[in-house]
Amino acid sequence: HTGGTMLKTGTFLLHSCVFVCGAALMIIEMTGSRVLAPSLGSSLIVWTSLIGIILASISIGAWLGGCLADQQPHPRVLGRIILLASWATAAIGLSKTWVLATLQNFGDLQIASVTAACALFAPAALLLGMVPPFAIRLCLPDHRHSGRISGSIYAISSIGSIVGTFLAGFVLIAWVGSTAILFVTAVLLGLASWLVNTEDNLLKGTSVILFLLFLYISYQQKQWCGQQGFYDYDTPYNRVLIYTSKENSSDRLTREMVTGPLGRQSAMYLDSPTELVLPYTHFFRLFEYYQPQTKRMLVLGGGGYSFPKYALSRYADISIDVVEIDSEITQLARQHFGLSDHERLRLIEEDARMFLKKVRNPYDVIICDVFNSHYSIPFHLVTAEAMQLLRNATKPDGVILINLLASINGIASEFYKTMRATVSRVFPMTHSFAVTNPDDDNLWQNIILAAGCRLPAAAPADPDLVKMFRHKLPDLPDTHLLFTDDYAPVERMLRQGRITREEMHKDNPKN
């Protein structure tokens, strides 16, 4: 019976279908990280939840697919499974907004991530997991070649997954929005269901047309949002939202950049592009006290290039190098945040730690502004080894300024305390400044670490700097816990101190 079935279906078409389903599965998984990022972040916790749930769904699907194939070994059944998978994929694009809006303020990030992965991605992964065992059953005219046939099916599925991984990571996510990717994948799966079986033509054709309609609507919606000043971009490293807002205290219009949940990463006044908006960026002016003779400055993390633009306009004799790993972030800064070429500005597209290893001409000041989301901090930039690279890249009388988000004491302070201890182990002089309120131990806020090898002899004279020094925090007792390349549990520490969006909008100076 199965041998006759395969004569009707065609082994090549069936293998092609398995390949497409394998590719679709990995495209969905890779795109899933961008779907979850604006609401839940892109931390190790989110990736672990996404990968774990998809693997579990594939395993369940493989078992169910094998059982169903033994009961109904017909290509029509497999075609319907793939068609259902196409609808499950389209459903991700249709439902992700309200599902994530429900979960993003959930207290525990692990539970929220697992729940989101189950609700959005498990159905499609389960259905696609059913395809290889079902295809093997259809390809078995007898049991003499079962091993070879099974191996070839799973090899083709794996090759498809490899192609889907590189296609999503290197091409689709960088050039196509995540919602559009999901609808395109749904179209491909709808067409793949035809490769197995040519029955149910009306249902399959209607489904493909609807998926194309969803794709068109999503494109039109994106165009309309752009006309209203709201932009949604996928870059090789980030999901970036850019929109226009109004500052509560002044009613001035601002343009804001968001690359993660619960916070703004950059902001610019529309009527004054070089003026500083976010309160923590004003504290970068502390370098005027620690190194008043600054000639060369390094900024790690570009974003909207707020402080580099301000510094170029304020300090006529300072040259600035900015290291930003995401070149498309830089392009967005040019397009939306008034960044332009300048003779004293050098833009470097590279990972910050890799760049620090190559510095041969030390800087007077290094500003580290890469920890712009408490969900996904690049751990390799918080360790003692990274601090040593920062010290090597700074002149003996220079200073580094590090922006981070934490509380002074309490459950959300562990990251700050360990970070300060790590910095203090490398730099003889370390000061901390609470941007919003130094007297509120439990307030989750920006904290600026200033570190160097010497303390200036005189107190600051500039009134603005004097006001900032009133936010200086007391020294901390020595601790044995340091961040190292071998052990840097930043996400565990930050998850323990997670707060709700409402609290952040009320208290966090970066919101």
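These legends describe close-up views of a predicted model.

**View 1. An open sheet of 7 strands.**
The strands run in the order 7-6-5-8-9-11-10, with mixed pairing. Strand 7 (345–348) and strand 10 (429–434) form the edges, each pairing on one side only. Neighbouring strands are turned by 15° against each other on average, direction ignored.

**View 2. Strand 9 beside strand 11.**
Strand 9 covers residues 394–406, and strand 11 covers residues 445–452. The two pair in the antiparallel sense over 8 bridges. One position to pick out is L404, which stands opposite I447 in strand 11.

**View 3. Helix 16 and helix 17 against the strands.**
Helix 16 (residues 384–392) packs on the sheet. Its contacts are with strand 5 (296–300), strand 8 (363–368) and strand 9. The direction of helix 16 makes about 140° with that of strand 9. Helix 17 (residues 414–426) lies across strand 9, strand 10 and strand 11. Helix 17 runs at about 170° to strand 9.

**View 4. Helix 7, largely enclosed by the rest of the structure.**
Helix 7 spans residues 131–138. Of its 8 residues, 7 are buried, so the rest of the structure largely encloses this helix. The buried residues are V131, P132, P133, F134, A135, I136 and L138.

**View 5. D200, a loop residue with positive phi and a salt bridge.**
D200 sits in the loop between helix 9 (178–196) and helix 10 (201–227). Its phi is near 55°, a positive value in a residue other than glycine. D200 also forms a salt bridge with R80. The closest N and O atoms of this pair are 2.9 Å apart. R80 belongs to helix 4 (residues 75–103), so the pair ties together parts that are 120 residues apart in sequence. R80 is partly exposed, at 39% relative accessibility.

**View 6. D251, an exposed loop residue with positive phi.**
D251 lies in the loop between strand 2 (239–246) and strand 3 (253–258). Its phi is about 65°, although D251 is not a glycine. The relative accessible area of D251 is 53%; exposed means over 50%, so D251 counts as exposed.

**View 7. R346 and D321, a salt bridge between two strands.**
R346 is in strand 7, and D321 is in strand 6 (residues 319–323). The partners are 25 residues apart along the chain. Their closest N and O atoms are 2.9 Å apart. R346 is partly exposed at 43% relative accessibility, whereas D321 is buried at 8%.

**View 8. D462 and R285, a salt bridge between two loops.**
The closest N and O atoms of D462 and R285 are 3.5 Å apart. D462 lies in the loop between strand 11 and helix 18 (463–469). R285 lies in the loop between helix 11 (279–282) and helix 12 (287–290). The pair links parts of the chain 177 residues apart. R285 is buried, with 6% relative accessibility. D462 is partly exposed, with a relative accessible area of 26%.

**View 9. A salt-bridge network around shared partners.**
R285 and D462 appear again here, joined with E288, R314 and D464 into one network. The connections are salt bridges that share partners. The whole structure holds 20 salt bridges.

Note on methods
Residues numbered from 1 in each chain as written. Predicted model: local features only at pLDDT ≥ 70, side-chain atom pairs only at ≥ 80, totals over all residues. Heavy atoms only, no water. Pairing = 2+ DSSP bridges. Helix = DSSP H or I, 4+ residues; strand = E, 2+ residues; numbered from the N terminus. Axes fitted to C-alpha atoms, helices over the stretch in contact; angles between N-to-C directions. Contact = heavy atoms within 4.5 Å. Buried < 20%, exposed > 50% of the residue type's maximum accessible area, 1.4 Å probe, protein only. Salt bridge = Lys/Arg side-chain N within 4 Å of Asp/Glu carboxyl O.
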